[in-house]
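The following report describes selected features of one protein model, beginning with a helix and its surroundings.

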Amino acid sequence: MDKRPDCAMNRLIDEYDMLPPGCTVVCAVSGGADSICLLHRLNQLRAIRPFTLVAAHYNHHLRGAESDRDEAFVRDWCREREIPFAAGS
């Protein structure tokens, strides 16, 4: 992760005051590559910015067992990284 204060993501966060110290960020995670990437980057940012991160997943049960596997994947991914996880259905 780029920890330089001039990295594009950090500049954007600062410009729009997107992560005020002590805030809580709830990241909606489907289990797809894009949402996992976002959650991963936010998790990395916790090392240099003081905020709380929570992952949220909603299982619509539209794809049967595949939907359940997505939920399990996100839950396990978060557990391995000590990210609080919330699920609904």
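The buried residues of helix α2 are Ser 35, Ile 36, Leu 39, Arg 41, Leu 42, Asn 43 and Leu 45, where buried means under 20% relative accessible area, exposed over 50% and partly exposed in between (1.4 Å probe, protein chains only). These residues pack against α1 (8-15), β1 (24-28), β2 (52-58) and α3 (65-80), contact being heavy atoms within 4.5 Å. Helices (H or I, at least four residues) and strands (E, at least two) are DSSP runs, numbered from the N terminus.

The model is predicted: local features need pLDDT of at least 70 and side-chain atom pairs count only at pLDDT 80 or more, whereas totals for chains, interfaces and linings use all residues. Residues are numbered from 1 along each chain as its sequence is written, and side-chain values use heavy atoms, with hydrogens and water left out.

Helix α2 comprises 13 residues (33-45), and its end C-alpha atoms are 18 Å apart, in agreement with the 18 Å that should be spanned at 1.5 Å a residue. The expected span is 1.5 Å times one less than the number of residues.

Strand β1 pairs with β2 in the parallel sense over five bridges; pairing requires that DSSP find at least two bridges between two strands. Within this arrangement, Val 25 stands opposite Leu 53 in β2. Val 25 and Cys 27 point to one face of β1 and are buried, while Thr 24, Val 26 and Ala 28 point to the other and are not. In a regular strand the side chains alternate between the two faces of the sheet.

No disulfide, defined as a pair of cysteine sulfur atoms within 2.5 Å, is found in a search of the whole structure. The sulfur of Cys 23 lies 13 Å from the closest cysteine sulfur, in Cys 27, and is therefore too far for a bond. Cys 37 is likewise in no disulfide, the nearest cysteine sulfur, that of Cys 27, being 10 Å away.

Most residues other than glycine have a negative phi. Two loop residues with positive phi are tabulated below.

| Residue | Phi | Loop | Relative accessible area |
|---|---|---|---|
| Asp 17 | about 45 degrees | between α1 and β1 | 53%, exposed |
| His 61 | near 60 degrees | between β2 and α3 | 43%, partly exposed |

Finally, the charged end of Arg 81 sits over the ring of Trp 77, 3.8 Å from its centre. The criterion is NZ of Lys or CZ of Arg within 6 Å of the ring centre and within 35 degrees of the ring normal.
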